Amino acid sequence: MSRVLGRVARGAPPVHALMSIGGRWREATSGARMDCIDPTTEELLGTVPAAGAADADLAVRTAQEASGPWRALGWTKRAALLRDLAAAVAEVADRLAVLDTLDSGNPIAGMRGDIDSTVRELHYYAGLAGQTHGESTPTGAETVSFTRREPYGVVVRIVPFNHPFKFACGKAAAALAAGNAVIVKPGEQTSLSAIALAEIAEAVLPPGVLTVLTGTGTELGEALVGHPGVQRVAFTGSVPTGRRILTTAARNLAHVTLELGGKNPLIVCPDVDPRTAARDAVASMNIARSNGQSCGSTSRLYVHERIRAEFTEALLERVRALRVGDPCDEANDVGPVAFAEHHARVLDHIERAKASGATVAVGGSRPPGPERGYFVEPTVFTDVTDDMPIAREEVFGPVMAVMGFTDLDDAVRRANDTDYGLTANVYTRDLRVAHRLAGELQAGYVYVNGTGRRPPGSPFGGWKHSGLGKENSHQELLSYTREKTITITLPAADPDWS
Ligand code: NAD
């Protein structure tokens with residue numbers, strides 16, 4: 001049983017977690033540590049090492065050593081070990097979900113869903129592990145020419161705070177399947193379940209193949225991304241950090257993929273049932289999954305004027321019905337946002353929206369209930385114009401803006417008038433309109449009549465400032481390999497026998 005998983009609980013003494021490099025559990029070289037705060041109670045759940053450049057260097061060298069034998073193991077054995085890891089995760093799924101709920105504030109039902117989908121991701125990439133083959137090129141009788149795909153060796157995987165275990169574990173799966181050793185750096189605000197992952201993986205994977213280092217972005221993240229032994233970096237997080245990572249990785253010309261933020265539009269046409277669209281608009285904010293802290297949240301709602309009043313009424317009814325409170329309690333739909341600084345940031349977005357003239361239709365502040373905890377009322381703004389910050393900036397919290405439209409082309413233009421391009425969403429029963437808009441909307445993923453589902457294998461990744469590259473697909477697996485071309489000139493024929 002994982003030490004962190006067994007010990008973290010409300011009211012229990014704070015856990016003193018360590019990190020493992022190559023099978024040795026240790027403090028950061030500097031001895032520095034970071035607090036893990038329960039955002040519901042604001043109490044200390046535990047502390048984790050605050051690793052820095054020396055730890056990054058040791059972890060990269062250890063991963064380099066581990067990567068050769070891991071690659072040499074062959075894909076069938078790697079796939080089998082990934083399935084074993086999936087089984088080990090599934091065995092403690094309930095405890096992992098509770099740990100993530102305590103550490104992140106995300107509702108328990110959402111975190112159960114996260115662990116289930118992580119297990120599915122591990123199986124998905126275990127199943128794909130053999131699909132890294134190359135191609136052959138037709139040549140004359142004198143040569144044989146073909147390509148093959150080889151792992152990079154060490155992959156650095158930096159992830160944000162909002163889906164702690166799902167991102168720490170699920171986002172390592174493709175790189176491991178492709179034959180790389182992986183170093184995961186979780187969000188510094190929600191690191192505990194990543195350490196639990198290292199504890200679980202210790203019993204399954206060879207030492208050094210999957211390393212979890214905890215620490216800040218500016219010290220540990222920078223050191224990992226800029227390390228000369230790292231040729232592949234995959235990042236999920238905000239646009240400014242994505243830019244910074246590209247710059248740092250440029251020092252070693254490391255290959256980078258980025259999954260970044262979104263301000264995702266949802267266009268509701270007048271031919272759909274406004275109540276169904278309103279129900280889905282609330283669901284696709286991911287409030288009940290991660291308190292609206294989701295890159296895919298549909299925070300810009302463009303609703304045709306013919307149904308806007310009815311849609312808004314249904315939306316407000318649903319948002320008012322959401323129960324805010326302790327996320328460990330199944331009866332609650334909404335917990336706190338993950339940490340104090342983010343709480344202040346979300347409340348500031350709300351205040352700026354009010355100051356710019358938007359109307360609070362529901363919510364709009366801290367809820368009156370719990371005195372402690374980083375709670376924000378689920379909030380809907382109306383009377384929003386396109387130039388307001390609330391229509392343009394990613395809030396990353398339970399906050400939506402409703403706007404109207406009469407002309408569909410104008411709605412598409414407004415939906416596209418943003419630097420973001422993660423997802424776009426359309427509700428219509430008219431297939432011709434759906435097909436046209438799917439083509440015109442500038443986003444890496446377009447949903448028609450149903451938002452947020454990501455069937456495994458459907459490539460996910462943003463356009464414009466929302467990212468570089470695709471995940472959740474065969475493309476992601478291939479992105480952890482580099483292509484090599486081999487041309488063999490055949491020896492001259494032996495006249496004695498051929
Ligand atoms: P963030 O960019 O602040 O941090 C993300 C990670 O990067 C953390 O682990 C952090 O420690 C690390 N980091 C920070 N500075 C770094 C640096 N200079 N070098 C290396 N690493 C560094 O993001 P956040 O606030 O944790 O997460 C919220 C953002 O993530 C939102 O914008 C959200 O939309 C985005 N996100 C995107 C996706 C997606 O799939 N597109 C998924 C989830 C979240």
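1. In this predicted model, serine 136 stands opposite phenylalanine 146, a residue of strand β7. The pairing around these two residues joins β6 to β7, the latter made of residues 143–151, through 2 bridges, and the two strands run antiparallel.

2. These strands belong to an open sheet of 3 strands, whose order is β6-β7-β21 and whose pairing is antiparallel. At its edges are β6, residues 136–137, and β21, residues 481–489, each of which pairs on one side only.

3. A further open sheet is formed by 7 strands in the order β15-β16-β17-β14-β13-β18-β19, and here the pairing is mixed. The edge positions are taken by β15 (359–362) and β19 (445–448), with pairing on one side only for each of them. On average, and with direction ignored, neighbouring strands of this sheet are turned by 25° against each other.

4. At the β15 edge, 3 bridges connect this strand to β16, residues 379–382, and the two run antiparallel. Within this part of the sheet, valine 362 stands opposite valine 380, which is in β16.

5. Turning to the ligand, a reader may ask which residues are closest, and how many surround it. The shell consists of 28 residues, and the closest are Glu188, Ser238, Thr241, Leu260 and Glu394. By class, the residues of the shell divide into 13 nonpolar, 9 polar and 6 charged.

6. Several polar atoms can be followed individually. The side chain of glutamate 188 places an N or O atom 2.4 Å from an oxygen atom of the ligand, while a polar side-chain atom of glutamate 222 lies 2.8 Å from a ligand nitrogen atom. With leucine 260 the backbone is involved, as one of its polar backbone atoms is 2.7 Å from a nitrogen atom of the ligand.

7. How much of the ligand's area does the protein bury? Taken alone, the ligand exposes 860 Å², and the protein buries 91% of that area. The elements giving two or more residues to the surrounding shell are helix α8 (217–225), strand β11 (232–236) and helix α9 (239–250).

8. It remains to ask where the ligand lies with respect to domain 1 and domain 2. Domain 1 comprises 15–260 together with 462–484, and domain 2 comprises 265–448; because both give residues to the shell around the ligand, the ligand lies between them.

Methods: Residues are numbered from 1 along each chain as its sequence is written. This is a predicted model: local features need pLDDT of at least 70, side-chain atom pairs count only at pLDDT 80 or more; totals for chains, interfaces and linings use all residues. Side-chain values use heavy atoms; hydrogens and water are left out. A residue is near a molecule or strand if one of its heavy atoms lies within 4 Å of it. A polar contact is a pair of N or O atoms within 3.5 Å; within protein, one must be able to donate a hydrogen and the other to accept it, and residues adjacent in sequence count only if both atoms are side-chain atoms. Accessible areas come from the Shrake-Rupley method with a 1.4 Å probe; for residues, only the protein chains shown count as cover. Helices (H or I, at least four residues) and strands (E, at least two) are DSSP runs, numbered from the N terminus. Ala, Val, Leu, Ile, Met, Phe, Trp, Tyr, Cys and Pro count as nonpolar, Asp, Glu, Lys and Arg as charged, and the others, Gly among them, as polar. Domain bounds come from an automatic or database domain assignment. Two strands pair if DSSP finds at least two bridges between them. Axes are lines fitted to C-alpha atoms, for helices over the stretch in contact, and angles run from 0 to 180 degrees between N-to-C directions.
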